[in-house]
Amino acid sequence: MARAQLDKQPHEVAAMFDGVAERYDLTNDVLSLGQARLWRRAVREALDVRPGERVLDLAAGTGTSSEPLRAAGAFVVPTDFSLGMLRTGKRRQPHLPLVAGDALRLPFADGAFDAATISFGLRNVADVDAALRELLRVVRPGGRLVVCEFSHPTWAPFRTVYVEYLMRALPRVARAVSSEPDAYAYLAESIRAWPDQAGLARRLAAAGWGSVRWRDLTGGVVALHHGVRAG
Ligand SMILES: C[S@@+](CC[C@H](N)C(=O)[O-])C[C@H]1O[C@@H](n2cnc3c(N)ncnc32)[C@H](O)[C@@H]1O
């Protein structure tokens, strides 16, 4: 597999995730030192889903980010463009209605969802601003968006340690636990190139999302950005 560069050619990104699908969830738990579960719980709380609501989980991968939303009573539609991730997800969680679709041309009608979320996916999309506009299109007026993405630790000494951990340890640990260590070198590089909390908030607002705010998790390793589609 060719390593996906930061210009993110969609077929390379999809192929990269096809390659890591089988061990994706395990690798996540190991590399995040167990924090991934806390982050998923925080997404569910931030999205504040009510039973029966229609929720799009975009870039859902194997559906691990979708399951807590389903358990909270939502009708969740996990959508991803990596058939490898979807296949693994379908085998492990056959009850989830997984959909193949591209974030830049979602196969859903205008206003189809009460809420949408995207966990650790927006960073990988070739045109982030177009994806934010497409999410706005498929959410009804008054509907919510929660973006869960790696961000910038806010405390400078921790930020330094974190960048060292990312740059040096992560690809090495990934070599031990993942079938596709290059994918994790890409992960480290793409996290460094990603906008900080305020920068991403501006991108949401520019795409048309209202009431934009964010909350840091794990000291800003991850941030949850929240937006509302104006009524
Ligand atoms: C790091 S995984 C996150 C999976 C899941 N949301 C989670 O939290 O475990 C990122 C996912 O984004 C998907 N992805 C990237 N670009 C996409 C696009 N343009 N359309 C749909 N899915 C995309 C990849 O295929 C991959 O499954």
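**Figure 1. The loop residue Asp-48 in the predicted model.** Asp-48 lies in the loop between α3 and β1 (54-58). The model shown here and in the other views is predicted. Although Asp-48 is not a glycine, its phi is positive, at about 50°. Asp-48 counts as exposed because 12 C-beta neighbours lie inside 10 Å, and the criterion for exposure is 12 or fewer. In sequence, Asp-48 follows α3, the helix shown in the next view.

**Figure 2. Helix α3 (residues 35-47) and its two sides.** The helix has 13 residues, which should span 18 Å at 1.5 Å a residue; the end C-alpha atoms are 19 Å apart, in agreement with that expectation. Trp-39, Val-43, Ala-46 and Leu-47 are the buried residues to note in α3. They lie on the same side of the helix, because the arc they cover around the axis is only 90°. An α-helix has 3.6 residues a turn, so residues three or four places apart point the same way. Leu-38 and Arg-41, on the other side of α3, are exposed.

**Figure 3. Packing partners of α3.** The buried residues of α3 pack against one helix and several strands: α4 (67-71), together with β4 (113-119), β5 (139-150), β6 (210-217) and β7 (222-228). Val-146 touches Val-43, Ala-46 and Leu-47, which are among the buried residues of α3. Further contacts of Val-146 are with Thr-117, Leu-224 and His-226; residues up to four places away in sequence are not counted.

**Figure 4. The largest nonpolar core.** This core comprises 60 residues. The members that touch the most other members are Val-55, Leu-58, Ala-116, Leu-135, Val-139, Val-146 and Cys-148. In soluble globular proteins, nonpolar side chains tend to be buried together.

**Figure 5. The loop residue Phe-120.** Phe-120 is placed in the loop between β4 and α6 (128-138). Its phi is near 55°, a positive value in a residue other than glycine. Phe-120 counts as buried because 20 C-beta neighbours lie inside 10 Å, and the criterion for burial is 20 or more. Asp-48, by contrast, counts as exposed.

**Figure 6. The shell around the ligand.** There are 21 residues around the ligand, of which Ala-59, Gly-61, Ser-82, Ala-103 and Ser-119 come nearest. Helix α1 (residues 10-20) contributes four residues, the largest share of the shell. By class, twelve residues of the shell are nonpolar, seven are polar and two are charged.

Note on methods. Residues numbered from 1 in each chain as written. Predicted model: local features only at pLDDT ≥ 70, side-chain atom pairs only at ≥ 80, totals over all residues. Near = placed C-beta within 6 Å. Nonpolar A, V, L, I, M, F, W, Y, C, P; charged D, E, K, R; others polar. Expected span 1.5 Å × (residues − 1). Arc of directions from axis to C-beta. Contact = placed C-beta atoms within 7 Å. Core = buried A, V, L, I, M, F, W, Y, C linked by C-beta atoms within 7 Å.
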